[in-house]
Amino acid sequence: MNRQGYFQRIVVVAAAAVLVAGCAKEDTGGTSGSGVPLIRSGVLTTCTHLPYAPFQSKDSSGKVVGFDVALIDLVATKLGVTQEIVDTPFEGIKSGSDLNSGKCDVAAAGMTITDERKQVLDFSEPYFDATQALAVLAGSPVKTLEELTGKRLGVQGGTTGEDYIKKQVAEKKLDIEVVSYRDLAALQQALATNQVVAAVNDLPVWNEYIKANPGKVAVAAGFDTGEQYGFAVKKGNTALLKTVDEAIAAARADGTYDKIYATWIGDKPTS
């Protein structure tokens, strides 16, 4: 075959490939039975950041379970679809980039509602009241931040716990080395292996860790920061946000929320 004939054949084959690709069926999204737009038909796609037990983590079979997962399952049921979970770095969740890029429909990641995050995300009504806690190895005499002078304190990077501790250290002029870790597992490992003397994260997270590792870690102090968790959607996605709020409100009204809370968190505070 001469060179000209060869290239003509290449062009024909390429054109045929484009035609076939154009005929291929793609899932370009759809809507639920109630008309809520979704990035994939029949699926409510949730972005989260693992592990963050008891809100979301993998069980022994590899299935993602937890408090947040159970609540978003209620939203999926209301929409008549199933929930699928995407594990993604927390930075992409809190910045809004994962929702804006169409990676997911909703974010459920034990995420505190803040004014800064409200600029890039639309939040549901609060579904959980959170507090920060200082965890230490069992037997440690440390009870306050001030007792960590000259020592290393671990936090999870990109979280409100990190923000709170850095502010406290700066305002009180404490000589504490604050070390940020990429995720909860790395932070807990750092405390367990004495890389840091203490660590800060949400109280339910430490309670779950203590339950799974009895006798190793203790909560030394709590910090009532007035934080509340919210689920998030892309800015302007009012239809999905309304459905999330309605599902959680219904669960609170019929007792389902309390049952899920008892399963994953424990006894609800009386006040």
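This passage describes one helix and two buried residues of a predicted model. Local features were considered at a pLDDT of at least 70 and side-chain atom pairs at pLDDT 80 or more, whereas totals for chains, interfaces and linings use all residues. Residues are numbered from 1 along each chain as its sequence is written, and side-chain values use heavy atoms, with hydrogens and water left out.

Helix α2, spanning residues 67–79, comprises 13 residues and extends 19 Å between its first and last C-alpha, close to the 18 Å expected at 1.5 Å a residue, the expected span being 1.5 Å times one less than the number of residues. Helices (H or I, at least four residues) and strands (E, at least two) are DSSP runs, numbered from the N terminus. The buried residues of α2 include Phe-67, Val-69, Leu-71, Ile-72, Val-75 and Leu-79, where buried denotes under 20% relative accessible area, exposed over 50%, and partly exposed in between (1.4 Å probe, protein chains only). Just after α2, Gly-80 adopts a positive phi of about 75°.

Leu-50 is placed in the loop between β3 (43–48) and β4 (57–58) and is buried, its relative accessible area being 11%. Residues up to four places away in sequence being excluded, Leu-50 touches Gln-56, Ser-57, Lys-58, Val-64 and Asp-87, a contact being heavy atoms within 4.5 Å. Between Leu-50 and Pro-89, which are 39 residues apart in sequence, the C-alpha to C-alpha distance is 8.4 Å.

Ala-190 belongs to helix α7 (residues 184–192) and is likewise buried, at 0% relative accessibility. Apart from neighbours within four places in sequence, Ala-190 contacts Tyr-181, Gln-195 and Val-196.
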